Amino acid sequence: MSQRGYQGGQLQPLVDRQIPIRPRNEVSLGAFAFLFSECIQYFQTRVSNVGELERRLADVGFDVGVRLLELLIYREKASKREIKVLGILSFLHTNVWKCLFGKIADSLEKGTSAEDEYMISDNDLLVNKFISVPRDMGNLNCGAFVAGVVEGVLKSAGFPARVTAHSVGVEGQSRPKTTILIKFEPEVLERELRLGS
Amino acid sequence: DGSHAHLRPSHRPCGSGRMPRETSTLTFVIVGDDTPIYECELRAGGKREDTINYLHEFVLHAALDNVEETIWTTPNSYLKAVDRYYDLTVSAYTTSGLVKFLLLHDGKNDEGIRGFFHDLHEYYIKVMLNPFHTPKTKITSKDFDAKVKTLASKYLL
C-alpha cells in the first residue's frame, strides 16, 4: 500500500510516522474549493448575520494557523522562533503564504493611522477564486478564513491580535484585492518597546 | 545538626518507601497554556513512578515565571537552565507555539538534555497536529509515553 502511515500492511503508530518533509502531496484547487464552499454553506444555515459567518470561518482558520506555525517553523526554520513583530509578520507574508498558496503575499504594510495596525494584501486570494458574493451579503469576504489562519499563527506565537479580512478595490483590476488587517493587542507593543530598548 | 533548614528533596522517602538514589531524580512536564498536559517521573533502570513528587511539581511550577521571561530574550528553542532549587536545576525548552517542556534534574547534562528536548519536539508536533487537540488537552497516548521513556534512557539516564 502506498498510503502514508502504512508499512508492510500495518498502520504505524502515530508517533512513528514521518512528519511530511516536502509538500509532495499538493491538493487540487478544485477539491479545496469544493470543500470550502461546503463549509460556507454549512455555516450559512447556522448563523444569523454576515459578521457571524465571518467569525465561524475565522474559527476554522484559527486551528489551521496554530498547527501551521509549529509545523513550518520546525520544518523550514530549524525551530528558530520569531520574537519580534516584524519577524512574525515577515514569516506570515513569506513562509505561511508560500505554504498555503504557493506564492508569497503581495504586500506587507504598516498602518498609517495607528501604531498597532499592519496589513498583508493579496491581489487574488486563492480561497475566494470561485466565490462571488451576492449583493444582499454586503461586505462578506470569505478571506475571513485566511484571517483566522493569521490570527491562529499570531496568537500561538505570543502576539495576540484582532485580524479581519477586507475587500479593497484596485485600479485596473475587476476583482477587489483582499487586505488582511492585523491589529495587535497593547501588550504586544509594550513588550516590543521593552525588548527594543 | 541544622539539616532541617536545608530540605534536600532527594533524601525524602519516595512512595515505595525506598530512599531514591541521588543521581536519578528527573521529572519531566509539558506545559501548554499554563496547565500541565503531560507529566512523567523518570528513573534509572527504566522504572517509572506512578505518582508525581509534589515538591518537584511545585518547583517546576515556580520556574514558569523565569521561563516566560527567558522566552522573549532569545529566538532559540532550548532555554538551558532557567531556575535552581538547592541542588536541582530546571531546564526548559519552548516550541514555536510557546508550549514549554520542563525538566527537573540534578547534575549537569547539557548536551543530553538538548538532544532529549529536540527529539521530543518532533513527537509533540505529531500529537498536536491532531485536529481535536487543544492547548489544554492532556496527552494520554501510550505510544507517546513509551517514546518519552525511550528518549530518556537514550539521552538522560
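Which side chain meets Asp119(B) in a salt bridge? I looked up the pair in the model, which is a predicted one. The partner is Lys154(B), and the N to O distance is 3.9 Å. I noted that this pair links distant parts of the chain, with Asp119(B) in helix α2 of chain B and Lys154(B) in helix α3 of chain B, 35 residues apart. The distance falls inside the 4 Å limit of the rule, so the pair is counted as a salt bridge. I recorded Lys154(B) as exposed, because its relative accessibility of 58% is over 50%.

**Entry: a second salt bridge in chain B**

I next examined Asp33(B) and Lys136(B), whose side chains form a salt bridge at 3.1 Å, N to O. This pair also links distant parts of the chain, the two residues being 103 apart. I located Asp33(B) in the loop between β1 (26–32) and β2 (35–42) of chain B, and Lys136(B) in the loop between α2 and α3 of chain B. I entered Asp33(B) as partly exposed, at a relative accessible area of 45%. Lys136(B) is likewise partly exposed, at 48%.

**Entry: chain B as a whole**

I then listed the elements of chain B and found 3 helices and 5 strands. Read from the N terminus, their order is β-β-α-β-β-β-α-α. Chain B has 157 residues, and 48% of them count as buried. I checked the contacts in chain B between residues at least 6 apart in sequence, and 54% of these join residues at least 24 apart. For the accessible surface of chain B I noted about 8200 Å², with 53% belonging to carbon and sulfur atoms.

**Entry: the contact between chain B and chain A**

How many residues does each chain bring to the contact? I found 29 residues from chain B and 25 residues from chain A. The area buried between the two chains is about 2400 Å², and carbon and sulfur atoms give 60% of this. On the side of chain B, the residues that lose the most area to chain A are Trp72(B), Ser96(B) and Lys126(B), together 32% of what that side buries.

I searched the interface for salt bridges, and the rule finds 0 between chain B and chain A. For polar contacts I recorded 13 residue pairs between the chains. The elements β4 (88–94), α2 (110–128) and α3 (142–155) of chain B each supply at least two residues of the side that touches chain A. Of the elements, α2(B) gives the most to this side, with 7 residues. By class, I entered 14 nonpolar, 11 polar and 4 charged residues for the side of chain B that touches chain A.

**Entry: salt bridges in chain A**

The structure holds 13 salt bridges over all chains, and I looked up further examples in chain A. Glu82(A) forms a salt bridge with Lys77(A), and their closest N and O atoms are 2.3 Å apart. I recorded Glu82(A) as buried, because its relative accessible area of 18% is under 20%. Lys77(A) counts as partly exposed, at 22% relative accessibility. I also noted a network of salt bridges that links Lys103(A), Asp106(A) and Asp122(A).

**Entry: Arg55(A)**

Where does Arg55(A) lie? I placed this residue in helix α2 (residues 50–76) of chain A. At 41% relative accessibility, Arg55(A) counts as partly exposed. I checked its separation from Phe130(A): the two are 75 residues apart in sequence and 20 Å apart in space, C-alpha to C-alpha.

Conventions:
Residues are numbered from 1 along each chain as its sequence is written. Chains are lettered from A and ligands numbered from 1 in the order in which they are written. This is a predicted model: local features need pLDDT of at least 70, side-chain atom pairs count only at pLDDT 80 or more; totals for chains, interfaces and linings use all residues. Side-chain values use heavy atoms; hydrogens and water are left out. Helices (H or I, at least four residues) and strands (E, at least two) are DSSP runs, numbered from the N terminus. Buried means under 20% relative accessible area, exposed over 50%, partly exposed in between (1.4 Å probe, protein chains only). Contact means heavy atoms within 4.5 Å. Accessible areas come from the Shrake-Rupley method with a 1.4 Å probe; for residues, only the protein chains shown count as cover. Buried area is the accessible area (1.4 Å probe) that two parts lose on being put together, summed over both. A polar contact is a pair of N or O atoms within 3.5 Å; within protein, one must be able to donate a hydrogen and the other to accept it, and residues adjacent in sequence count only if both atoms are side-chain atoms. Ala, Val, Leu, Ile, Met, Phe, Trp, Tyr, Cys and Pro count as nonpolar, Asp, Glu, Lys and Arg as charged, and the others, Gly among them, as polar.
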